[in-house]
Structures are given as C-alpha cells and as structure tokens.
Amino acid sequence: MIKKKQRILSFSEAIKEAQTQAFKLDKNVFIFGQAVDKTGHVFHTTEGLLKKFGKKRIFDTPNSEQAETMFAAGAANNGLRPILIHHRVDFMAYTFDELVNWISLWSFKSSGKSSMPLVIRAIIGRGWGQGPQHAKTLHAMFSYLPGLKVIMPSSPSEAKGLLLSSIMSNDPVIFLEYRALYNTKEHVPEKPYFIDLNEPRKRMLGKDLTIVSMGASVLTSIQACENLKNKSINVDLIDLRSLSTFNIEKIFLSVKKTKRLLMVEDGWSNGSISSEIITRVAEAGIKLKKPPQRICWPNSHVPMSPVSEKEFYFDQKDIFNASIKLMKV
C-alpha cells in the first residue's frame with residue numbers, strides 16, 4: 001500500500017490557513033493592522049486574503065497602537081471577532097491603558113453579561129539584530145492580568161489549532177508569535193481543528209527530568225532532549241501553550257514522577273513564568289532531588305550586535321548542560 005504523503009506547512013502558512021478557515025466559519029471575523037494587506041503581508045500570514053475576502057474583512061490602519069486596540073475592543077463588544085496584528089510586541093506598551101483598564105476586565109465588570117472576543121497577534125523575540133526596542137517578548141507582563149489569555153505556539157500545527165481556538169474564544173487573547181518560527185515546517189492537518197487553550201502538551205515522554213518550556217524555546221529544548229538520550233536521560237518535555245491559564249496539575253504529575261524540574265523560557269528571569277511555576281511546585285510541597293533550575297534571558301536589555309547576541313541568548317547546549325547538572329546526585 002502506498003502511504004499518502006504528509007501535508008507539510010510552514011508556521012506562516014499554518015497561521016494563514018487558520019485565519020482563512022476562521023473567515024469561512026464565522027462572517028464576523030476580520031483582520032486589520034499596519035500593512036496587513038500589502039508588502040510582506042506580515043511574514044506572508046495574510047497574503048492573498050484581501051483578494052479572497054475583500055477590503056471589508058482585511059484592511060490597513062494608521063500607525064496608532066492605542067487607536068487600533070480600542071477599535072478592536074469596540075468591534076468585539078458589538079459582536080464582531082477582530083484579529084489585530086502588531087508587528088512588534090514592544091510597541092504594545094502604548095496599549096496598556098486599553099488592555100489593563102478596558103479589555104481585560106470588561107467581562108468581569110459586566111458580571112459575564114458582555115464579552116470582548118478579540119485576538120491580538122503580536123510578533124516577538126530575536127531576529128536580525130532587532131535590539132532592545134524590537135526583540136522583547138513581554139509575555140509575563142500580559143500574563144499577570146486577569147481576564148486575558150496569553151498564548152505562545154511552538155510549531156505550525158500548534159499555531160493553527162491554537163489560533164482557531166483563540167479566534168473562536170469569547171475571551172480576549174494575546175497570541176504571541178516568535179519571529180524565528182515563521183520558516184519552521186511540519187505536518188499540519190487540512191481540516192479545521194481546535195486545541196484546548198488551557199491544556200499543556202506533553203511533547204516528549206521520560207522519567208528522569210521534567211522540562212517545561214513555551215514558544216520557540218520548546219524547539220531548542222527538543223534539540224537538547226535528543227542529545228540527552230545519548231546520555232540515557234529521558235525527559236518529560238511539557239509545552240505550556242497558554243501562559244496565563246494553564247493546567248498546573250499536568251506539571252505537578254510530571255515533577256512528582258521525575259523529582260527534577262528545569263524551566264526554559266525566552267524572556268527575563270525576574271517575574272517570569274518560570275518563577276511562577278517553580279513557586280507553585282514549592283507551594284504544593286512536591287519533594288525534589290535537586291533544587292529546580294531555570295534558563296532565561298539575563299536581566300538586561302536585549303543587545304543588537306551579533307557578538308553580544310551570542311552571549312545574551314541561550315541555546316540547546318545550555319539546556320543540555322543544565323540538565324546534566326540536575327541529574328548529578
């Protein structure tokens with residue numbers, strides 16, 4: 001029997017397909033933002049959508065993050081499902097009034113009678129010497145706010161299912177896309193599918209060590225885990241997916257089994273998601289063989305020069321070496 005060739009999509013293609021299918025599933029879905037209908041089409045994630053669906057459902061807007069975000073809030077509050085795209089998460093700092101004082105608490109203030117089903121796609125992280133004003137992640141800051149869902153996909157198939165679930169959710173979602181992932185490829189099912197926004201994914205199964213990661217650092221962790229197998233170390237690798245409303249019990253079960261925990265996160269260590277998870281493990285009274293460890297960015301601004309970048313960012317060797325240290329009795 002001839003096996004059917006697997007359908008391979010890039011991260012960018014998976015994002016575009018999720019949006020295309022969402023447009024067909026719900027006529028209230030639309031996309032807007034800076035240059036979404038022209039030039040590079042946001043890493044090709046919106047390419048062809050204008051021709052297919054028309055200018056009422058995808059359109060360019062002026063360069064005003066506050067106005068764009070409040071427009072999304074108003075549209076969502078009137079029954080639409082907007083997808084707003086910010087090319088750099090760094091400049092979402094301008095929108096903190098809208099996020100903190102309006103969007104995140106709207107459902108709470110109305111006792112659940114009103115909602116804001118909007119998605120903000122924001123591009124984050126390292127790439128091409130982006131430097132201190134263009135390479136941040138800010139995910140922990142957003143995750144601090146009750147009422148916001150913060151999602152960080154790690155691969156094309158994850159991106160499609162998580163984005164479809166985000167668009168169809170009645171909660172406001174910040175969907176963070178790591179710049180380095182757009183050209184990654186894997187098998188992505190063609191039909192629409194949805195992924196639980198609160199449920200972490202077990203990416204690898206092992207009994208020796210638990211690694212919890214998110215976004216692009218999941219792929220870096222997978223590389224390290226493959227090399228750890230050569231040392232007979234098998235890792236329980238957990239992809240967090242959601243950074244704000246994740247099911248902590250899945251992590252507890254893994255850590256109770258392995259008795260060792262390593263957090264891997266593209267972001268600063270102070271006030272990080274890693275800090276939160278390590279604290280919850282400690283509060284749960286789970287006994288570990290070694291103190292938990294975390295691999296994050298240094299608590300300094302992101303450099304621009306290639307030499308400094310190499311020192312600033314971690315790689316699979318750092319994860320490998322930290323894992324080896326955790327395994328020593």
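Here are a few worked exercises on the sheets, helices and empty spaces of a predicted model.

Before we start, some ground rules: residues are numbered from 1 along each chain as its sequence is written, and side-chain values use heavy atoms, with hydrogens and water left out. As the model is predicted, local features need pLDDT of at least 70 and side-chain atom pairs count only at pLDDT 80 or more, while totals for chains, interfaces and linings use all residues.

**Exercise 1. Work out the strand order of the six-stranded sheet and find its edges.**

Step 1: get the elements. Helices (H or I, at least four residues) and strands (E, at least two) are DSSP runs, numbered from the N terminus.

Step 2: pair the strands. Two strands pair if DSSP finds at least two bridges between them. The order comes out as β3-β2-β4-β5-β7-β6, an open sheet with parallel pairing.

Step 3: look for strands that pair on one side only. These are β3 (58-60) and β6 (149-151).

Step 4: check the twist. Neighbouring strands here are turned by 20 degrees against each other on average, direction ignored. Angles run from 0 to 180 degrees between N-to-C directions, and axes are lines fitted to C-alpha atoms, for helices over the stretch in contact.

Step 5: zoom in on one pair. β5 (residues 119-124) and β7 (residues 173-178) run parallel, joined by six bridges, and I123 stands opposite E177 in β7.

**Exercise 2. Do the same for the five-stranded sheet, then add the helices that pack on it.**

Step 1: read off the order, β9-β11-β10-β12-β13; this sheet is open too, with mixed pairing.

Step 2: find the edges. β9 (201-204) and β13 (293-297) each have a single partner strand, so one side of each is left without a neighbour in the sheet. The average turn between neighbouring strands is 25 degrees, direction ignored.

Step 3: take an inner pair. β10 (residues 209-213) and β11 (residues 235-239) pair in the parallel sense over five bridges, with V212 opposite I238 in β11.

Step 4: add the helices, taking contact as heavy atoms within 4.5 Å. Helix α10 (residues 248-258) touches β9, β10, β11 and β12 (261-268), and its direction makes about 165 degrees with that of β11. Helix α13 (residues 316-327) touches β10, β12 and β13, at about 150 degrees to β12.

**Exercise 3. Describe how α4 packs against α5.**

Step 1: get the geometry. α4 (residues 65-77) and α5 (residues 96-103) pack at about 25 degrees, with their axes 9 Å apart.

Step 2: classify the angle. Under 35 degrees counts as roughly parallel, over 145 as roughly antiparallel, 65 to 115 as roughly perpendicular and the rest as oblique. The two helices, α4 and α5, are therefore roughly parallel to each other.

Step 3: list the contact. Q66, T69, M70 and A73 come from α4, and E98, W102 and I103 from α5.

Step 4: sort by class. Ala, Val, Leu, Ile, Met, Phe, Trp, Tyr, Cys and Pro count as nonpolar, Asp, Glu, Lys and Arg as charged, and the others, Gly among them, as polar. That gives four nonpolar, two polar and one charged.

**Exercise 4. Find the largest cavity and the largest pocket, and say what lines them.**

Step 1: set up the search. On a 1 Å grid over the protein atoms alone, a cavity is a set of points where a 1.4 Å probe fits but cannot get out; a pocket is an open set with protein on both sides within 12 Å along at least five of seven lines; lining residues have an atom within 4 Å of a point. Points are joined across faces, edges and corners, and a volume is the space filled by probe spheres set on them.

Step 2: do the cavity. The count is one cavity of 30 Å³ or more, and the largest holds about 40 Å³. Its lining includes I103, W106 and D171.

Step 3: do the pocket. The largest has about 410 Å³ and 25 lining residues, with R126, Y178, R179, A180 and L181 nearest its centre. By class, the lining has 10 nonpolar, seven polar and eight charged residues.
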